Amino acid sequence: DLGLERRCVGLMTAVPLEHLVCAREENGNLWVEGFCTVGLSNAVRAGEPPLKGSEASSPGTINIVLVTNARLPASAMVGALQVATESKTASVLAADIVSWTGTRGATGTGTDATVIASGHGPFCSYSGTHTMIGAMIGRVVGQAIAEGIASWRQWRTRRDLESCSAT
């Protein structure tokens, strides 16, 4: 028991939290904020066979937490999740990440998670890519994931160098 009085969501990550990436965008009275951790050691391309037991590499996941003041009905929450996933995938593809099978063009990891929290601000019936809130979500996630990938490459390289020098 954590002693929490309200319902909450928890995410697990192996990414050192000093590598948490935050991004924010505002447009008038509407805002979107994103918090992302990026680990790609179990990168996969959608449709590849799943990892089995000993094939699993070190932990790696992309966690995305989006917070907005927009009031999003359930259907708009689904649209927001779709836009966030599209933007994450575009960023991973642009970074030319290799999947666990050695294939170029990973689209994420096998353990990615996205959380979206909406607020009590402007009501948005829709949140697809052709809406203001959707465009904002796409840019916030794209920026944060691109920065997270760069950070992951740095700390992973540093960790690998440290383990080589210890042997």
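# Cavity, core and strands of a predicted model

Modeller: Strand β4 gives the most to the lining of the largest cavity, with 3 residues. Please bear in mind throughout that this is a predicted model.

Colleague: Which residues line the largest cavity?

Modeller: The lining is made up of V32, L66, V67, T68, L72, I116, A117 and I137. Two elements, β4 and β6 (113-117), each give two or more residues to it.

Colleague: How many cavities of 30 Å³ or more are there, by this rule?

Modeller: The count comes to 1. About 30 Å³ of space lies in the largest cavity.

Colleague: What makes a space a cavity and not a pocket?

Modeller: A 1.4 Å probe fits into a cavity but cannot get out, whereas a pocket is open. Rolling a probe the size of a water molecule over the atoms shows where empty space is left.

Colleague: How do the residues of this lining divide into nonpolar, polar and charged?

Modeller: The lining of the largest cavity has 7 nonpolar residues, 1 polar residue and no charged residue. Thr is not on the nonpolar or the charged list, so T68 in the lining counts as polar.

Colleague: Let us turn to burial. Why is C124 called buried?

Modeller: C124 has a relative accessibility of 12%. Buried means under 20%, and therefore C124 counts as buried. This residue is found in the loop between β6 and α2.

Colleague: Which residues is C124 in contact with, leaving aside its neighbours within four places in sequence?

Modeller: The contacts of C124 are L30, A70, R71, L72, P73, A76 and I133. In the case of P73, the two residues are 51 apart along the chain, and their C-alpha atoms are separated by 7.6 Å.

Colleague: Is T107 buried or exposed, and what value decides this?

Modeller: The relative accessible area of T107 is 16%, so T107 is buried. T107 is found in the loop between α1 and β5 (108-109). Apart from neighbours within four places in sequence, T107 is in contact with V44, R45, A46, K88, T89, V92 and L93.

Colleague: Why is D96 called partly exposed?

Modeller: The relative accessibility of D96 is 38%. Partly exposed covers the range between the cut-offs of 20% and 50%, so D96 counts as partly exposed. D96 also lies in the loop between α1 and β5. Its phi is positive, at about 55°, although D96 is not a glycine.

Colleague: What makes L11 partly exposed?

Modeller: L11 has a relative accessible area of 35%, so L11 is partly exposed by the cut-offs of 20% and 50%. The place of L11 is in the segment before β1. With neighbours within four places in sequence left aside, L11 is in contact with N63, V65, A113 and V115. L11 and V65 are 54 residues apart along the chain, and their C-alpha atoms are separated by 9.3 Å.

Colleague: What share of the residues in the protein is buried?

Modeller: Of the 167 residues in the protein, 39% are buried.

Colleague: Which residues touch the most other members of the largest nonpolar core?

Modeller: This core has 34 residues, and L66, I97, I137, I145 and I149 touch the most other members. At least two residues of the core are supplied by each of β1, β2, β4 (62-68), α1 (74-94) and α2 (132-166). The largest share, 10 residues, comes from α2. As for I97, residues up to four places away in sequence are not counted, and I97 then touches L40, A43, V92, T103, R104, G105, A106, I149, W152 and R153.

Colleague: How do you know that β1 and β2 pair?

Modeller: Strand β1 (residues 21-27) and strand β2 (residues 30-38) are joined over 7 bridges in the antiparallel sense. Two strands pair if there are at least two bridges between them, so β1 and β2 meet the rule. Within this pair, V21 stands opposite C36 in β2. The two strands form a hairpin with 2 residues between them, and G28 in the turn has a positive phi of about 60°.

Colleague: In what sense do β2 and β4 pair?

Modeller: β2 and β4 pair in the antiparallel sense over 7 bridges. Here V38 stands opposite I62 in β4.

Colleague: What pattern of elements does the protein follow along the sequence?

Modeller: The pattern is β-β-β-β-α-β-β-α, with 2 helices and 6 strands in the protein. Among contacts between residues at least 6 apart in sequence, 77% join residues at least 24 apart.

Conventions: Residues are numbered from 1 along each chain as its sequence is written. This is a predicted model: local features need pLDDT of at least 70, side-chain atom pairs count only at pLDDT 80 or more; totals for chains, interfaces and linings use all residues. Side-chain values use heavy atoms; hydrogens and water are left out. Helices (H or I, at least four residues) and strands (E, at least two) are DSSP runs, numbered from the N terminus. A nonpolar core is a set of buried Ala, Val, Leu, Ile, Met, Phe, Trp, Tyr and Cys residues joined through side-chain atoms within 4.5 Å. Buried means under 20% relative accessible area, exposed over 50%, partly exposed in between (1.4 Å probe, protein chains only). Contact means heavy atoms within 4.5 Å. On a 1 Å grid over the protein atoms alone, a cavity is a set of points where a 1.4 Å probe fits but cannot get out, and a pocket is an open set with protein on both sides within 12 Å along at least five of seven lines; lining residues have an atom within 4 Å of a point. Grid points are joined across faces, edges and corners, and a volume is the space filled by probe spheres set on the points.
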